[in-house]
Amino acid sequence: MKDIDSIVDSFEHKHLGKKHSKVGDATEKLSDRVMDAFSRMKSKFVIGTAIVAASAALIGGYLWVEYALGRQDYPIRNVVFKAQEEVKISGGSEDKGSDEIDKEVEIEFREGGVAGDVESKIGTYHLLTKRSISADLERYDVHDSQYQRIASASKRPERVQSGGSLRAKLVFNEELAEVTKPGESKSDKHYSNYQFIPERGWKEREVTVMDENGDRVLKKMLTEHRTPILGFFYGLNFREGTTLEEFLPSDHAKEFFETVKALDSDKVMSKGGRERLVEKAIDIAEALPKITIYRSYEDGIIDWFPQESTIYLGRKANWFQRFANSWGFGDRTMRFRVENHWDLWPGNIPGLENFEIGAGDDSIKPFAKANNGGYSIHDKFGEVARIEIKDFFFHYGQDLVHFYYLDLNGDGKIDKETEMIGKVLYGISHDQHIDLDELVGEGRQKQFLTFSADYVFMSPTSDKERGTELMDLCGYIETFLADAINRGFGKHSSLGYINRVRSDYMFFKDPEIENMSRPLTEESTLVAKHDIVELLKSAGRPQAIEIAEHYGVNDLVEGYEPSSDLHVKFPIKPYAILLLGGGAVAGLTYLRRRNRSEENDARRD
């Protein structure tokens, strides 16, 4: 059997093995060819895919960058009015820089609204205002759509110093404002502002006088307070607060007019005589009986950052009262708190403001935005009103949109969906960064510059009449924020510019002499009590009745019923800060004691 098996194995190995070997070789060669072809196809597919992916990434990246850097226009809807401001600056000097410039500001207004079934975004020409400032004269003029002057004001300073004094120069500004009917060159409707500004001192004062039935009547006294030390030397760059008061009838008022008349006459020309008259006018105005419209107290000392403040309506408060009120004690009825909200992204980073990505209009400046996110007004019932300032990283350049909210349903809360009463789009043409100290600062030659800014005032409703009413309410919020408005000329926000434009328009709508205080003062001195009462009424506040009685304007609250949904809220913030501070101190004390204990144990060992 073994021999037969050996013979069979030998036969299979000799004949069938070769056949198997040939088939295997052929199969292996075919397999190698298939694998080579697949490998080549795979390599081409990978390379092709990589090329397609890279191309798509490049194209997609380019399109995204183009989209991200592309300048777009913020949508404007329900336009109440638009304004274009053109600013012309000439002068400056290598020695004095931006302190020695002449400036002219023209603002052209176009009314929005609806024409037929189509909303007008461009608007029709409405009015023109002009402000000019030179070394010794400031002018303000208002022209209607026929370019007829309907109002004007002019202010001229008189500086006086009789000798060496810590106060240095004393500046006496006299401003005359009048409303003129079309076709008339003179008017019997006018009022005067007298400003008393020390070069170094604690206060700047302004007295407003109106003509009523041929008699001159003292109306308001505005006092702007400076902070200790820095404010004393550097003026209102370092503000401490604002006081607005109304003069009560007094037989001694004529002494003020006699003093100002003597100051304007040619009978007193010496430096010492004029300085004594200015000081006498200040003393008389301070001594005359007055009621307080409001007194605000700013928190900050250094003017680098947006400030918060506390406002008392109808009264002043000493430090102890303000401290007790902040902790929830004492009478907080007429205490209102203005809080500032920061928005650090995108924000402003010093030193990187000029960093730019892209070119021309299609570019972004990611570090030249606004740090100020807005302000909110609070009373003991909650939030009364709010202004939110929104900037943009992409698409809208340096545009800023200001959203205005008011507690319309009187529940002490702001509902952004239902209680927005207006918004304002503000932007500098071509997204320019304007810094006068850089353009006409010390060491630079005299310049002649022109730039423009655009303002679009929008309403949440297409109803033009209601939109105008809501726009006025936005103006009343700005009247309440006197300190923020004074600081709102580019450094902390743009609210000062917006308020100036809105005030021009509000005066034009109602060209009464009292309303002219809107464009001439940031505090709207002659109509401030009206604005405050109307704002509190619109927010359903019970304080409206009490403060209207104090102001002597009971007719504004006749038939008014406060909201029944308001409840007094106890302040939590100071206690939260105290708790966190106490916890931090306790934690640090514990860690310090533990470390000492461990060190003592180590020494014993």
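Start by colouring the predicted model by pLDDT. Of the elements of the protein, select helix α6 (residues 436–440), which has the lowest mean pLDDT at 63, and then α11, which has the highest at 98. Where pLDDT is low, the predicted coordinates should not be read in detail. For the protein as a whole the average pLDDT is 87, and 88% of the residues score at least 70.

**Helix α11**

Select residues 528–538. Helix α11 is largely enclosed by the rest of the structure, because eight of its 11 residues are buried. To see which ones, pick out Ala528, Lys529, Asp531, Ile532, Val533, Glu534, Leu535 and Leu536. The buried set takes in charged side chains as well, including Lys529, Asp531 and Glu534. Move on along the chain to Gly540, just after α11, where phi is positive at about 70 degrees.

**Thr333**

Next select Thr333, in the loop that runs between α5 (319–326) and β13 (335–342). Is Thr333 buried or exposed? Its relative accessibility is 16%, so Thr333 counts as buried, the cut-off being under 20%.

Show the side chains around Thr333. Two polar contacts can be drawn from the Thr333 side chain: one to the side chain of Asp331 at 2.8 Å, and another to the side chain of Lys380 at 3.3 Å. Apart from neighbours within four places in sequence, the residues in contact with Thr333 are Lys380, Gln543 and Glu546. Lys380 therefore appears both in that contact list and as a polar partner, since contact means heavy atoms within 4.5 Å. Now add Phe381: its C-alpha atom lies 9.2 Å from that of Thr333, although 48 residues separate the two along the chain.

**The second largest cavity**

Finish inside the protein. A search of the whole structure turns up four cavities of 30 Å³ or more. Go to the second largest cavity, which holds about 70 Å³ of space. To display its lining, select Gln307, Glu308, Ser309, Ile311, Val338, Tyr375, Phe480, Leu481, Ala482, Asp483, Ala484 and Arg487. Which elements give two or more residues to this lining? They are β12 (309–313) and α8 (482–486). Of the elements, α8 gives the most, with three residues.

Colour the lining of this cavity by residue class: seven residues are nonpolar, two are polar and three are charged. Among the lining residues, Glu308, Asp483 and Arg487 are the charged ones, and Gln307 and Ser309 are the polar ones.

Technical notes: Residues numbered from 1 in each chain as written. Predicted model: local features only at pLDDT ≥ 70, side-chain atom pairs only at ≥ 80, totals over all residues. Heavy atoms only, no water. 1 Å grid on protein atoms, 1.4 Å probe; cavity = no way out; pocket = protein on both sides within 12 Å on 5 of 7 lines; lining within 4 Å. Points joined across faces, edges and corners; volume = space filled by probe spheres on them. Helix = DSSP H or I, 4+ residues; strand = E, 2+ residues; numbered from the N terminus. Buried < 20%, exposed > 50% of the residue type's maximum accessible area, 1.4 Å probe, protein only. Polar contact = N/O pair within 3.5 Å; in protein donor to acceptor, adjacent residues only side chain to side chain. pLDDT = per-residue confidence, 0-100.
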